[in-house]
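Please look over the structure shown here before reading the briefing that accompanies it. The points are grouped by topic, so that each can be followed in the display.

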Amino acid sequence: MVRFGPAGNPDAFYEDGGKSSTQMPSWVNSIGLNAYEYQCSKGVKITQPTAEKIGDEAKKNGVLLSVHSPYFISLSSVEEEKRIKSVDYIMQTLNAAKMMGAERIVVHSGSCAKISREEAVVLAKETLKMAEKASIEAGFEYIKICPETMGKINQLGTVDEVIELCSLSEMFVPCIDFGHVNAREMGSLNTYEDFKAIVDKIENKLGTERGKHFHVHFTRIEFTSGGEKKHIPYDDTSFGPAFEPFAQLMADKNLEPVIICESPGMQGKDALTYKRIYEECLNK
Ligand SMILES: [Zn+2]
């Protein structure tokens, strides 16, 4: 099953009287979605009772949970101390995921502003290997860690780099942020074939399981020569990517990714639009 849901809590959730993230799973279900990415972007501060409540509600409402790790994680930092701290933050995120019953966490791939891309990949892989070891020791090995494709050119996280990071082991599943890919490649994602090339690459390099069940962030993103500038609502067609070609590809290839929408404030409504577009493709 393809799953659709918002990253964090949309404006409409609060307009409907929502107060706490523990109410999000039932709200997500009530509008016709079935995934929710809980945001720990500013640090893992969630308490155990809250996490467990979100988990219970998600189960009751058939909502699949994922957790976004803190933005300040730096897998490829040139400072060893920062890389070791990043492992700590990944462990905190994995622990939050465990309390919630989430089986995926998303991690930003890092920066390569001060070093070559190749050096950054080597450092990021070392950090992820440490995280994998710590995760197995803590009994979190069933939770997938999803390195994300990044939107700015000086960030680590092209499709190839993310695939390379995920080649470490099956614990790593690509998070393809198509908006980021499109932004860093100056509007490269337009046709069915553009999306197919990415999915084929995942399949060829990482196998059919990850080629079918990878993680997705999908949002239109405004970009400049440095890449990502800002996320925009789906209705604003001044920047891509459009969802139709990817929806058709999912339908043709029976892909079953989890699709998380990050439109600013409108991530629930836009996730529903994606779902509708996908269902139209299925019924063609
Ligand atoms: Zn992200």
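The briefing below takes up a metal site, a helix pair and two single residues in turn.

The model is a predicted one, and every value quoted here should be read with that in mind. In this model a zinc ion is coordinated by His-68, His-108 and Glu-148, while the axes of helices H6 and H8 come within 10 Å.

**Zinc site**

- The zinc ion is coordinated through the NE2 atoms of His-68 and His-108 and through OE of Glu-148, at 2.1 to 2.2 Å.
- Along the chain, the donors of the zinc ion follow the spacing H-x39-H-x39-E, and the pair His-68 and Glu-148 links distant parts of the chain, with these positions 80 residues apart in numbering.
- His-68 lies in strand E3, which covers residues 64-68, whereas Glu-148 lies in strand E5, which covers residues 144-148.
- His-68 has 1% relative accessibility and, because buried means under 20%, counts as buried.
- Glu-148 likewise counts as buried, at 1% relative accessibility.

**Helices H6 and H8**

- Helix H6 (residues 159-166) and helix H8 (residues 192-206) have axes that come within 10 Å and cross at roughly 25°; because angles under 35 degrees count as roughly parallel, H6 and H8 are roughly parallel to each other.
- The crossing of H6 and H8 is right-handed.
- On the H6 side the contact is made by Val-159, Asp-160, Ile-163 and Cys-166, which meet Ile-198, Lys-201, Ile-202, Lys-205 and Leu-206 in H8.
- By class, this contact of H6 with H8 has 6 nonpolar and 3 charged residues, and no polar ones.

**Asp-270**

- Asp-270 is found in helix H11, which spans residues 267-282, and is buried, with a relative accessible area of 1%.
- Leaving aside residues up to four places away in sequence, Asp-270 touches Pro-233, Tyr-234, Cys-261 and Ser-263.
- The C-alpha atom of Asp-270 is separated by 34 Å from that of Lys-125, a residue 145 residues apart from Asp-270 along the chain.

**Ser-26**

- Ser-26 is found in helix H2, which spans residues 24-30, and is partly exposed, with a relative accessible area of 31%.
- Leaving aside residues up to four places away in sequence, Ser-26 touches Glu-57 and Asn-61.
- Ser-26 and Met-171 are 145 residues apart along the chain, and their C-alpha atoms are separated by 29 Å.

Key: Residues numbered from 1 in each chain as written. Predicted model: local features only at pLDDT ≥ 70, side-chain atom pairs only at ≥ 80, totals over all residues. Heavy atoms only, no water. Donors = N, O, S within 2.8 Å, 3.2 Å for Na, K, Ca; no water. Helix = DSSP H or I, 4+ residues; strand = E, 2+ residues; numbered from the N terminus. Buried < 20%, exposed > 50% of the residue type's maximum accessible area, 1.4 Å probe, protein only. Axes fitted to C-alpha atoms, helices over the stretch in contact; angles between N-to-C directions. Parallel < 35°, antiparallel > 145°, perpendicular 65-115°, else oblique. Left-handed = near helix turned anticlockwise from the far one by under 90°. Contact = heavy atoms within 4.5 Å. Nonpolar A, V, L, I, M, F, W, Y, C, P; charged D, E, K, R; others polar.
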